[in-house]
Amino acid sequence: MKILNKKNKTSIDKATILSKALPFMQRYARKNITIKFGGAAMGEVSLSSSFAKDIVLLKQVGINPIVVHGGGPKIRKMLDKLKVKTDFVNGLRVTDKKTMDIVEMVLSGSINKEIVMEINREGGRAIGLSGKDGLLAETKKIKSQLKYKSKDLGFVGEPTNINSQLLNWFLDSHFVPVISPIGFDKNFDSLNINADTMSGKVSSSVLSERLILLTDVDGVLDKKGKLISELSLVEAKNLIKNGTISGGMIPKVETCIKAVQNGVKAAVILNGKIPHALLLEIFTERGVGTLITK
Ligand code: ADP
Ligand code: MG
């Protein structure tokens, strides 16, 4: 009796891998997972489609993903195309009214709908929201950066309150919320929010089991460029203080620290350029990026 030919063997290997995902599916069933899809990781078509497939798979097995996206490179391109000149103060873009209009158009219009349709194409049901829809993200201008060398940074803010009732309504349904980082202030003006900051506030507002920040590097790297696979809150703070963490990694790590302090079980920073990075993180014992926990 011939039981195992080569083809059978591959099929059995596949079934074994699937079976190994069961404990993780059980662990995360009906739990919320907030995912930030980063500017740099978003660029490639094949990666967006693998990301969308992973999101649909999560929802299919009873996990509740929430997507928050960024959009840096695309905003820059559009500002150049429309020949809108912007000032930079200490590396931060001054967002005047004209710039804000374009930022909102690119984030809530173009990028948000692209991600929504990628997920829909893979068989999911995504719903695009900006912080303005259903008054999702109440936001205030960032005070500490409001004046630098007597320059106003303009329409830049951080979320102060998330309408979690609205989010929970979607999470209890078969819809996957896809959120662009635009908020509204007390005058109902639009404010631009750092997407990392937005994802952190969203993740704690619905008490996520995990906050996952997808970016273009493997995670937090040490002074020698080696990946740090786990960080406590104190260790993470020290790496910012001593300058090991700089630039765009600062808001990410600060977001992770805050989210964990506010009840999110764990936060992870990992490379979104790895195909199926999300599945690797959620369905295997040891993820591939940097895990930040209490
Ligand atoms: P995203 O578009 O995903 O928000 P950012 O460019 O804002 O990406 O932030 C990620 C960048 O942070 C990395 O590409 C890297 O250049 C920079 N960075 C600074 N310090 C570190 C560090 N210690 N470990 C990893 N990346 C770092
Ligand atoms: Mg960034």
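**Close-up views of a sheet, its helices and some aromatic rings**

**View 1. Helix α6 and the strands beneath the close-up.** Helix α6, spanning residues 164–171, lies across β1, β2, β5 and β10, and runs at about 140° to β10. Please keep in mind that this is a predicted model. Helix α5 (residues 97–121) also lies across β1 (32–37), β2 (64–69), β5 and β10, and its direction is at about 165° to β5.

**View 2. The open sheet of eight strands.** Following the order β5-β10-β2-β1-β13-β15-β16-β14, you will find mixed pairing in this sheet. Its edge strands, β5 (126–130) and β14 (230–232), each pair on one side only. On average, neighbouring strands are turned by 20° against each other, direction ignored.

**View 3. Where β5 meets β10.** Strand β10 (residues 176–180) pairs with β5 in the parallel sense, over five bridges. To find your way in, look for Ala-126, whose bridge partner in β10 is Val-176.

**View 4. A cluster of aromatic rings.** Trp-169, Phe-170 and Phe-175 are linked into a cluster by ring pairs. The structure holds four aromatic pairs. One of them, Trp-169 with Phe-170, is tilted, at 5.6 Å centre to centre and 40° between the planes. Phe-170 and Phe-175 have ring centres 6.4 Å apart and planes at 90°, so this pair is edge-to-face. Trp-169 counts as exposed at 61% relative accessibility, Phe-170 counts as buried at 10%, and Phe-175 is partly exposed at 27%.

**View 5. A lysine over a ring.** Here Lys-141 lies over the face of Phe-155, 5.0 Å from the ring centre.

Definitions and conventions. Residues are numbered from 1 along each chain as its sequence is written. Chains are lettered from A and ligands numbered from 1 in the order in which they are written. This is a predicted model: local features need pLDDT of at least 70, side-chain atom pairs count only at pLDDT 80 or more; totals for chains, interfaces and linings use all residues. Side-chain values use heavy atoms; hydrogens and water are left out. Rings of Phe, Tyr and Trp (its six-membered ring) pair if their centres lie within 6.5 Å; planes under 30 degrees apart count as stacked, over 60 as edge-to-face and the rest as tilted. Buried means under 20% relative accessible area, exposed over 50%, partly exposed in between (1.4 Å probe, protein chains only). A charge sits over a ring if NZ of Lys or CZ of Arg is within 6 Å of the ring centre and within 35 degrees of the ring normal. Two strands pair if DSSP finds at least two bridges between them. Helices (H or I, at least four residues) and strands (E, at least two) are DSSP runs, numbered from the N terminus. Axes are lines fitted to C-alpha atoms, for helices over the stretch in contact, and angles run from 0 to 180 degrees between N-to-C directions. Contact means heavy atoms within 4.5 Å.
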